[in-house]
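Dear colleague,

I am passing on a structure for you to look at, and below it you will find notes on the side-chain contacts. Please read them alongside the coordinates.

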Amino acid sequence: MVNEFEQLRVGDLVMASAVMLESNFKRTVLLMCEHNDQGSLGFILNRPMEIKVSDAITGFDDVDVPLHMGGPVQVDTVHYLHGRGDVIDGSHEVFPGVFWGGEQEQLSYLMTSGVVSPIEVRFYLGYAGWASGQLETEFEEGSWYTTAAKKDVVFSGEYERMWARTVRSKGGDYHYAANSPELPGMN
């Protein structure tokens, strides 16, 4: 059997396994943005919030898209993923065509002026983080699956079906996991 944790790298998607019941991560898809000996950091892609970016973040008054719950760590911070590393200074490329962070005032200006479209950016409140060795243990317990990320998944608005589609894309027996009921006792 392949050890998925050993293959995990920055730019991969990490999906909660079908048996993950922890409320912060149940049926989530995350983008891994940091992964090294000190730990790992990612953002939950499929948890939009009821609040709009324009209502939550100063300088983004006309950005009428949902703020996303990035994870349970430091929920007093805002992060963003985008596809415009070519015009946003300080961006870090996560994988080709997808970037994390950059100059927030510059992003605000570029969005206000129409250079960057709201569909090219996802804003996250907090992040998901793991200390050194923690995520490896969770993989060993069967809590996570992983696969290579695709830009269309990162910026998808199909939140409800993202988990099942992403798990199913792994093929083989993952098809069964993707089709498993959310509450196994209710099938």
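**Salt bridges and aromatic pairs**

Arg161 counts as partly exposed, at 45% relative accessibility. Please keep in mind from the start that this is a predicted model. The partner of Arg161 in a salt bridge is Glu158, with the closest N and O atoms 3.1 Å apart, and Glu158 is likewise partly exposed, its relative accessible area being 34%.

A search of the whole structure gives six salt bridges, and some of them join up, since Arg84, Asp86 and Glu120 are linked in a network. Within that network, the side chains of Arg84 and Asp86 meet at 3.0 Å, N to O, while those of Arg84 and Glu120 meet at 3.6 Å, again N to O. The contact between Glu120 and Arg84 links distant parts of the chain, for Glu120 lies in the loop between α3 (104-112) and β9, whereas Arg84 lies in the loop between β6 and β7 (92-95), 36 residues apart.

How does the accessibility of these residues run, from buried to exposed? Arg84 has a relative accessible area of 16%, and because buried means under 20%, Arg84 is classed as buried. Glu120, with 22%, is partly exposed, and Asp86, with 59%, is exposed.

Turning to the rings, the structure holds eight aromatic pairs. In one of them, the rings of Phe25 and Trp144 have centres 5.4 Å apart and planes at 75°, so the pair is edge-to-face. This pair also links distant parts of the chain, with Phe25 in the loop between β1 (12-16) and β2 (29-36) and Trp144 in strand β10 (residues 144-148), 119 residues apart. Both Phe25 and Trp144 are buried, and together with Trp130 they form one aromatic cluster.

Another pair, made by Tyr80 and Phe123, is tilted, with 5.8 Å from centre to centre and 50° between the planes. Here, too, distant parts of the chain are linked, because Tyr80 belongs to strand β6 (residues 73-82) and Phe123 to strand β9 (residues 121-131), which places them 43 residues apart. Tyr80 is buried, as is Phe123.

With kind regards

Terms used: Residues are numbered from 1 along each chain as its sequence is written. This is a predicted model: local features need pLDDT of at least 70, side-chain atom pairs count only at pLDDT 80 or more; totals for chains, interfaces and linings use all residues. Side-chain values use heavy atoms; hydrogens and water are left out. Rings of Phe, Tyr and Trp (its six-membered ring) pair if their centres lie within 6.5 Å; planes under 30 degrees apart count as stacked, over 60 as edge-to-face and the rest as tilted. Helices (H or I, at least four residues) and strands (E, at least two) are DSSP runs, numbered from the N terminus. Buried means under 20% relative accessible area, exposed over 50%, partly exposed in between (1.4 Å probe, protein chains only). A salt bridge is a side-chain nitrogen of Lys or Arg within 4 Å of a carboxyl oxygen of Asp or Glu.
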